[in-house]
Amino acid sequence: MPKVDFTGDLAGFFSFLRSDPRFRYPQTAGGKAAYLAQRAEGPANVLCTLGMDSNTSKSGEKRYPLGHEPICKPDGTVLQDRDGRRSFVTTANSGPSVGKHLLMAYLPVEEAVVGNKLAVEYIGELYPVTVASAGPAAVFDPENARMKG
């Protein structure tokens with residue numbers, strides 16, 4: 001049976017904790033060895049933000065995926081990482097500042113390239129999406145220029 005869980009290191013989620021001595025992992029032999037082996041292997045996928053290029057269905061209605069929809073190549077081939085996990089929408093919401101409906105998904109490393117064209121399947125139709133950011137990068141104002149003035 002393929003693994004279906006995602007680790008914190010996979011998303012880069014715990015990178016800020018490693019530098020703080022209050023949040024060190026216990027130095028157990030089994031836990032440390034497993035962690036180092038996982039780090040050496042590298043990530044199987046990357047958390048990405050996708051922007052919907054068009055959310056209009058064939059019947060002319062606007063569609064807004066909410067989560068758990070499969071991410072595919074434009075031809076409908078479902079994406080899978082090296083561990084056999086399929087890519088799917090984990091989170092979705094409107095992005096009024098960027099003018100698109102935004103989706104988050106774990107994509108295989110080779111597909112996690114900004115500008116890559118993919119598709120999301122929703123209610124039996126494929127909708128075009130583009131990788132807007134890969135990893136911990138913001139889609140809107142990635143340099144925080146608005147905050148800095």
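# A tour from strand E1

Select leucine 50 and look across to E6: valine 131 stands opposite. Keep in mind throughout that this is a predicted model.

**Strand E1 and its partners**

Now select all of E1, residues 45-52. How many bridges join E1 to E6? There are five, and the two strands run antiparallel. Turn next to E4, residues 100-108. E1 and E4 also pair in the antiparallel sense, over seven bridges. To find a matched position here, pick leucine 47; tyrosine 106 in E4 is opposite.

Is E1 mostly buried or exposed? Seven of its eight residues are buried, so the strand is largely enclosed by the rest of the structure.

**The core**

Stay with Leu50 and show the side chains around it. Leu50 is among the residues with the most contacts inside the largest nonpolar core, which has 18 residues. Add the others in that group: Ile71, Leu103, Leu107, Leu118, Val120 and Val129. Which elements give two or more residues to this core? Colour E1, E3 (89-95), E4 (100-108), E5 (117-122) and E6 (125-134). E1 gives the most, with four residues. As background, nonpolar side chains in soluble globular proteins tend to be buried together.

Next, centre on valine 129. Leaving aside neighbours within four places in sequence, valine 129 is in contact with a run from E1 and just past it: Leu50, Gly51, Met52 and Asp53. Leu103 is another of its contacts. The rest of the list is Asn116, Lys117, Leu118, Ala119 and Val120.

**Into the loop after E1**

Follow the chain out of E1. Serine 54 lies in the loop that leads to strand E2 (71-72). Select proline 128 as well. The two residues are 74 apart along the chain, yet their C-alpha atoms are separated by 6.1 Å. Beyond neighbours within four places in sequence, serine 54 is in contact with Tyr127 and Pro128. Serine 54 is partly exposed, because its relative accessible area is 30%.

Step one residue on, to asparagine 55, found in the loop between E1 and E2. Is asparagine 55 buried or exposed? It counts as buried, because its relative accessibility is 13%, under the 20% cut-off. Show what surrounds it. With neighbours within four places in sequence set aside, asparagine 55 is in contact with Glu61, Lys62, Arg63 and Tyr64. Tyr127 completes the list for asparagine 55, and Tyr127 is in contact with serine 54 too.

Methods:
Residues are numbered from 1 along each chain as its sequence is written. This is a predicted model: local features need pLDDT of at least 70, side-chain atom pairs count only at pLDDT 80 or more; totals for chains, interfaces and linings use all residues. Side-chain values use heavy atoms; hydrogens and water are left out. Buried means under 20% relative accessible area, exposed over 50%, partly exposed in between (1.4 Å probe, protein chains only). Contact means heavy atoms within 4.5 Å. A nonpolar core is a set of buried Ala, Val, Leu, Ile, Met, Phe, Trp, Tyr and Cys residues joined through side-chain atoms within 4.5 Å. Two strands pair if DSSP finds at least two bridges between them.
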